[in-house]
Amino acid sequence: QLAPLDIPNRLLLGPGPSNAHPAVLEAMNTPPVGHLDPAFLGLMDEIQSLLRYTWQTQNQLTIAVSGTGTAAMEATIANSVEPGDVVLIGVAGYFGNRLVDMAGRYGADVRTITKPWGQVFSLSELRTALETHRPAILALVHAETSTGARQPIDGVGDLCREFGCLLLLDTVTSLGGVPIFLDTWGVDLAYSCSQKGLGCPPGASPFTMSQRAVEKLQQRKTKVANWYLDMNLLGKYWGSDRIYHHTAPINLYYALREALRLLAQEGIENSWQRHQKNVEYLWAGLEDIGLKLHVQQEFRLPTLTTVCIPDGVDGKAIAKILLNDYNIEVGGGLGELAGKVWRVGLMGFNSRTESVDRLLEVLPQVLSK
Ligand code: PLP
């Protein structure tokens, strides 16, 4: 006989998921209704307008994809890439590489510009790459979760217009916690997730596309090579036609709606400021105990910090003690940074002084052990 569910209550200070706000978990407990119920359709409309606010965009086609961030990532690629399109991807970490793999599977002629992990691209480097490759799409990761670096986007949309290409942006680790101005920046396609800066469980992922991107979709010669994520079909479910597409994970949408409502109630600028203030408090505390941070301060993310593992310290062992003895999760390094850094996330509901205090209280004890 199996025992009833018994999952420890952890403080999730890794790269995500972060802890959901208690009100979000409570909303998720609401009994489900049918996915074409007027009450649910109204909630979908609310999610759309709350997402527009959170992303600072007027894009009509702004929805949540039923799936995690990777599904929303795939939705941007599937709906924008036609076989043979040159797609230029900025790779300075693990998720840039995931975009490369994905775009290749949709028949793109993939080109890359690269940077050491933890660094970002300058506008002039992007200009040179656009001149060289003349892509149909430029794809960048705003918040590279594997490195903790924030790619500046201001001015990139203007460059893309000059070179006649679309701008696709991964905002998985930035939405809600890092300033984003999709329309001012001229971003054409963006995606995110629910489980980080929005403070919601994983599974319902924000997706948006601009009118320019919609026009490219309408003019394409080949069908979108992914039925589930085809915006021609999904748009009819989220739009006024309300044509059945799939059975939405109703309770996750309750949770997402509550998370976005809380964010709007706080005010998006206030949330950005809160994330910045708490991460600066974390950086100061980590430096006080003698730890070094991987990314140059100017380009550090407020949502995710990469902390260098000191020489002679077994990073995995420390993370294991934090988890087993103190119920605190921090992440290890990914890819090139595996074994070299810990990744500490302060996202959404978890971006609070209490979370930082708890980690700073425990970490020196664990390190001295
Ligand atoms: N892109 C970035 C930058 C991420 O950090 C992640 C996940 O952490 C993803 C994409 C994929 O999201 P998910 O794990 O929700 O599928």
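Two strands count as paired here if DSSP finds at least two bridges between them. By that yardstick, β11 and β14 (residues 341–345) make an antiparallel pair in this predicted model, with five bridges linking the two strands. One of the bridge partnerships puts Val-307 together with Trp-342 of β14. Strands of a sheet pair through backbone hydrogen bonds, either parallel or antiparallel.

The β11/β14 pair belongs to an open sheet of three strands, which runs in the order β11-β14-β13 with antiparallel pairing. The edges are taken by β11 (304–308) and β13 (331–332); each has a single partner strand, so one side of each goes without a neighbour in the sheet.

Zooming out, the protein comes to 13 helices and 14 strands. Its radius of gyration is 21 Å, close to the 21 Å that the globule rule gives for 369 residues, so the protein is as compact as a globular protein of that length. Measuring sticks laid along the principal axes would give a C-alpha trace spanning about 60 × 55 × 45 Å. Buried residues account for 50% of the 369. As for how the chain meets itself, take the contacts between residues at least 6 apart in sequence: 73% of these join residues at least 24 apart.

Next comes a position picked out by annotation. UniProt, in an unreviewed entry, lists Lys-196 under "modified residue: N6-(pyridoxal phosphate)lysine". In the model, Lys-196 sits in the loop between β9 (189–191) and β10 (204–209). Loop or not, Lys-196 counts as buried, because 29 C-beta neighbours fall inside 10 Å, and the cut-off for burial is 20 or more. Setting aside neighbours within four places in sequence, the contacts of Lys-196 are Gly-16, Ser-18, Val-172, Thr-173, Thr-303, Met-347 and Gly-348.

Ser-122 is another loop residue, found between β4 (109–114) and α5 (123–133). How does Ser-122 count, buried or exposed? With 11 C-beta neighbours inside 10 Å, Ser-122 counts as exposed, since the limit for that class is 12 or fewer. Ser-122 and Asn-19 are 103 residues apart along the chain, and 34 Å separates their C-alpha atoms.

Put side by side, the two loop positions read as follows: Lys-196 is buried, whereas Ser-122 is exposed.

Notes. Residues numbered from 1 in each chain as written. Predicted model: local features only at pLDDT ≥ 70, side-chain atom pairs only at ≥ 80, totals over all residues. Helix = DSSP H or I, 4+ residues; strand = E, 2+ residues; numbered from the N terminus. UniProt positions renumbered as here; feature names shortened; annotations may be inferred. Contact = placed C-beta atoms within 7 Å. Rg over C-alpha atoms; globule rule 2.2 N^0.38 Å.
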